[in-house]
Amino acid sequence: MSIPGLDRWLNTAQGRYVLNWEQSVLDNAVADVFGFNALQCGLPQYDFLRANRIPLRQRAGCTGPVDVLCDLSALPFASHSTDLVVLPHVLEFSDDPHQILREAERILIPEGQVIIVGFNPLSLWGATKTLKRSGEFPWNGSYLSTQRLRDWLKLLGFEVDGGTYGCYAPPCETQQWLQRWQMLEAAGNRWWNFSGGVYMLRAIKRTHAMHLITPNWRQKPVRAKALRPVAHKESDVC
């Protein structure tokens, strides 16, 4: 999945502003996840698993500095083999986000975690997207609301465990103007946290155990009662 303009945007003031927030939030989110295998799908230019202590941490994708070169809609990993999957800005820039989520669910172990990072359509960043027609990152994606993601995750058997919003400043193109809007960060978290330009959502894969219904061997047997003879009337006798 090649995203037009991604590398250029990563070096802009907007890119650094967003990715600095995401790096901080993901460092806290992955620090307490344990297991044997962790996978980051997308944005391999940044190591969002750096704060995690899982022994095998890999980055997967079709381009860039990845450990596993693959299509994210067909991950080359065994089912129930991964403890943590991180999806930074993957779903909104994919032609088939449902399939990528299904693949994440397939490779995760029971109680494994998926962490999703995306742009919030209900924000100043989402409003700017509707006005931009450049076809470059990050305005060329199909932004997904957290409510829609919650519905998709629920259908796949996930339970949303937490989430947060950030980047409340307007998508200014210069560092100077982004700093002038820093006052909105604290106010946004307190008064209108749903309007952050970016969100992080974490969910846990739940597996419901199957209960077998066995016969109750201690139940007393039911004795059949003898049938009473039917009394025939004289008129019924031939």
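1. Two strands are taken to pair if DSSP finds at least two bridges between them. By that criterion strand β1 (residues 37-41) pairs with β4, since three bridges join the two, and these strands run parallel; within this pairing, A38 stands opposite L84 in β4. The model under discussion is a predicted one, and the remarks below should be read with that in mind.

2. On the other pairing of β4, six bridges join this strand to β5, again with the strands running parallel, and V85 stands opposite V114 in β5. The connection also deserves attention: β4, helix α3 (residues 97-107) and β5 together make a right-handed β-α-β unit. As for solvent cover, β4 is mostly covered, with seven of its seven residues buried.

3. For the overall fold, the protein has seven helices and seven strands, and these follow one another along the sequence in the pattern α-α-β-β-β-β-α-β-α-α-β-α-α-β. Among contacts with a separation of 6 or more, 71% are between residues 24 or more positions apart. Of the 238 residues in the protein, 45% are buried, while the protein exposes about 14,200 Å², of which carbon and sulfur atoms supply 54%.

4. The largest nonpolar core has 34 residues, and those with the most contacts inside it are V18, L84, I115 and F119. Two or more residues of this core come from each of α1 (6-10), α2, β4 (82-88), β5 (108-119) and β7 (198-205), and α2 gives the most, with nine residues. Apart from this core lies another, of 29 residues, which includes V68, L149, L153 and Y199. In soluble globular proteins, nonpolar side chains tend to be buried together.

5. I115 can be followed in detail: leaving aside its neighbours within four places in sequence, I115 is in contact with L26, A29, V30, L84, V85, V86, L87, M200, L201 and R202. One of these partners, L84, is also listed with I115 among the residues with the most contacts inside the largest nonpolar core.

6. A polar residue of helix α2 (residues 13-30), namely Q14, merits a separate check. Q14 counts as buried because its relative accessibility is 7%, and buried means under 20%. A polar atom of the Q14 side chain lies 2.7 Å from the backbone oxygen of P171. Beyond its neighbours within four places in sequence, Q14 is in contact with W9, W125, W139, P171, C172, E173 and L178, so that P171 appears in both descriptions under the contact cut-off of 4.5 Å between heavy atoms.

Methods
Residues are numbered from 1 along each chain as its sequence is written. This is a predicted model: local features need pLDDT of at least 70, side-chain atom pairs count only at pLDDT 80 or more; totals for chains, interfaces and linings use all residues. Side-chain values use heavy atoms; hydrogens and water are left out. Helices (H or I, at least four residues) and strands (E, at least two) are DSSP runs, numbered from the N terminus. Buried means under 20% relative accessible area, exposed over 50%, partly exposed in between (1.4 Å probe, protein chains only). A polar contact is a pair of N or O atoms within 3.5 Å; within protein, one must be able to donate a hydrogen and the other to accept it, and residues adjacent in sequence count only if both atoms are side-chain atoms. Accessible areas come from the Shrake-Rupley method with a 1.4 Å probe; for residues, only the protein chains shown count as cover. A nonpolar core is a set of buried Ala, Val, Leu, Ile, Met, Phe, Trp, Tyr and Cys residues joined through side-chain atoms within 4.5 Å. A crossover is right-handed if, with the strands pointing away from the viewer, the path from the first strand over the helix to the second runs clockwise.
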